[in-house]
Each structure stands twice: as structure tokens, then as C-alpha cells.
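Colleague: I'd like to go through this model with you and ask where each label comes from. Could you set every value against its definition as we go?

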Amino acid sequence: MKKVVVAGRNDSGKSTVLGEIYRALRARGYQPLAIGSGVQDEKPYFHKGIDPNYITIAIPEPGRDVAEDIERVVRQSVNQIKEKNQLILNARKALDDLNKVRSVLELGYLSQKDIPPVSTLPDLVLIEAVGINDGYKSLETRQLADILVSTVPANIKNEILMEPGNILLDEADIIVVTKIDDTPRSVSSTTVKLLQRFFRHKPIIPVVATQGVHLDLVVDEVVKRFAEPLLLIDTATGALAAHEE
């Protein structure tokens, strides 16, 4: 399964962006599995509308932004969904058999309406990175992501953007500018223009994450990369060329 990683500094709106991407992808027929960072429990994700069947928490090892054994976490989550589905199918069959007996005894049928439907298996993974390594310097996060979405708060200091070693900005596939609604327009405009100047080959999308404004544009870019994997290579090549200029 493709892995979409949402990275960024602490309090840059990562979990809100992840929740909105989840909902938008569901609306387009995808079934994401969401993996939280472990800093908080599942409740914030539930508030964002993520189905409890498709959310799990993986606590990274000390000093890491993402858990080292994400593949095991994914397999474990998928197996839990499969096991639950099998229990549901077994329950439906058992009730069918019971209804056959009740029919012979003229006791009437018992409804299956209280047995939930089986769950669709996930077809992609959304992962939130913790962001403890200054948010943009985590090599393991870049290595994990098939599609890397880096969040940048609009009020971030320009000096941080210009620091060397910001791997998760240099190699982001999509840069999302958050907290536009909490930042003076002149400041947010400067941040967006600076990002556009540094990373002119990347999609840079200002959003109001708490209201879902422009998150559809982010999902457009994610889905485009599902359909056109070579776009990731082209984007990376363009970013490298811009960096060398």
C-alpha cells in the first residue's frame, strides 16, 4: 500500500490536515488506514471523523519522528480488520442456521440488522510524523513516505525555512501552508512567496485546515501521484535542479 506521510513542526496542524485528507479520500472511494504519532491518543482523530476501525497509534522510538516498524503496525491493523470481518461473517451464518431451526419450530425469524457489515480493507496508509526533529530534518520520514506532505505554519520564522538540512521541505512532494486564518495577511503572504521562491517546482497550497478550505487541492495532488507515479520523480528532479541553481 502507498504511504502518505504528513510531516511538519509541532503545532503546525498535521493531525488536522491528516483528518481532512482522510475524509476527502473516503469521499473519492479510497479507504485509508490512519496511523497516529503516539503523542496523543485516538480521541482527536475520532473528532476528525476517522472511523475507529481505521485508526491506530504507533509510538516512535526516542529520537525518531516515525516508528521504525510501521510495516508491522500496518500488517497488524489489516489483520485485525480481517479477523473482525470473519467474526461478522461467522455470526451471520450462525444466525442463518438458527433461523432455519426457528422456522421448523414456527418461532419466527431473528433479524440480522444488529450485526454490523464487514469493513473494506484499506488500500493506502496515512501516517502522521511526530515532528520532534525540528519538524523538517527527519531522514527516516522521507525514506518512509511514498508521498510526503509537509505542513508549514504561515507564521513560521523565515530563518527556519532558510536553515540547511530541511530534508522534509527540500524533498516534499506537496507543501501545505496552515494557520492562514490565525496569521496576519502580510506575514502569511511573505511565507507563501518565500516558499514559492525556494520550491517553485512543488505545489504549495495555503489552507484553512480547521474548516477544510482548499484541502481538496491537496487531495487532488495526492491522487494525481497515485495515478502518475512518474510525477514524483519529475518533481524530485525539478526540486534538485532548483536547489542547485
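**Labels and their cut-offs**

Colleague: Is K3 buried or exposed, and how do you know?

Modeller: K3 has a relative accessible area of 10%. Buried means under 20%, exposed over 50% and partly exposed in between, with a 1.4 Å probe and protein chains only. At 10%, K3 is therefore buried.

Colleague: Before we go on, what kind of model is this?

Modeller: A predicted one, in which local features need pLDDT of at least 70 and side-chain atom pairs count only at pLDDT 80 or more, while totals for chains, interfaces and linings use all residues. Residues are numbered from 1 along each chain as its sequence is written, and side-chain values use heavy atoms, leaving out hydrogens and water.

Colleague: What makes the contact of E71 with K3 a salt bridge?

Modeller: The term asks for a side-chain nitrogen of Lys or Arg within 4 Å of a carboxyl oxygen of Asp or Glu. The closest N and O atoms of E71 and K3 are 2.7 Å apart, so the pair qualifies. E71 lies in helix α3 (residues 70-104) and K3 in strand β1 (residues 2-8), so the bridge ties together parts that are 68 residues apart in sequence. Helices (H or I, at least four residues) and strands (E, at least two) are DSSP runs, numbered from the N terminus.

Colleague: Why is E71 called partly exposed?

Modeller: Its relative accessible area is 43%, which puts E71 in the class between buried and exposed.

Colleague: How many salt bridges are there in total?

Modeller: The structure holds 11. Another one of them joins the side chains of R72 and D69, at 2.8 Å from N to O. R72, at 39% relative accessibility, is partly exposed, and D69, at 28%, is partly exposed as well.

Colleague: How do you know that K224 and E221 form a salt bridge, and how are they placed in their helix?

Modeller: Their closest N and O atoms are 3.5 Å apart, which is within the cut-off. They sit three residues apart in helix α8 (residues 215-227), separated by about one helical turn. An α-helix has 3.6 residues a turn, so residues three or four places apart point the same way. K224 is partly exposed at 34%, whereas E221 is buried at 15%. Salt bridges that share partners join E221, K224 and R225 into one network.

Colleague: What makes the length of α8 fit a helix?

Modeller: The expected span is 1.5 Å times one less than the number of residues. For the 13 residues of α8 that is 18 Å, and the helix reaches 19 Å from its first C-alpha to its last, close to expectation. Among its buried residues are L215, V218, V222 and F226.

Colleague: What is the order of the strands in the sheet, and which are at the edges?

Modeller: The open sheet of seven strands runs β3-β2-β4-β1-β5-β6-β7, with parallel pairing. β3 (55-57) and β7 (204-206) are the edge strands, since each pairs on one side only. From one strand to the next, the twist averages 20 degrees.

Colleague: How do you know that β2 pairs with β3 and with β4?

Modeller: Two strands pair if DSSP finds at least two bridges between them. Strand β2 (residues 32-36) has three bridges to β3, in the parallel sense, and four to β4, also running parallel. In β3, A34 stands opposite I55 and G36 opposite I57, while I35 has I127 of β4 as its bridge partner.

Colleague: Why is β2 called largely enclosed?

Modeller: Because five of its five residues are buried. P32, A34 and G36 point one way, L33 and I35 the other.

Colleague: And how confident is the predictor?

Modeller: The average pLDDT, the predictor's confidence in each residue from 0 to 100, is 88, and 90% of the residues score at least 70. By element, strand β6 (residues 174-178) has the highest mean, 97, and helix α9 (residues 230-244) the lowest, 51. Over residues 238-245 the pLDDT is below 50, and beyond near neighbours in sequence this stretch has seven contacts in the model, a contact being heavy atoms within 4.5 Å.

Methods: Axes fitted to C-alpha atoms, helices over the stretch in contact; angles between N-to-C directions.
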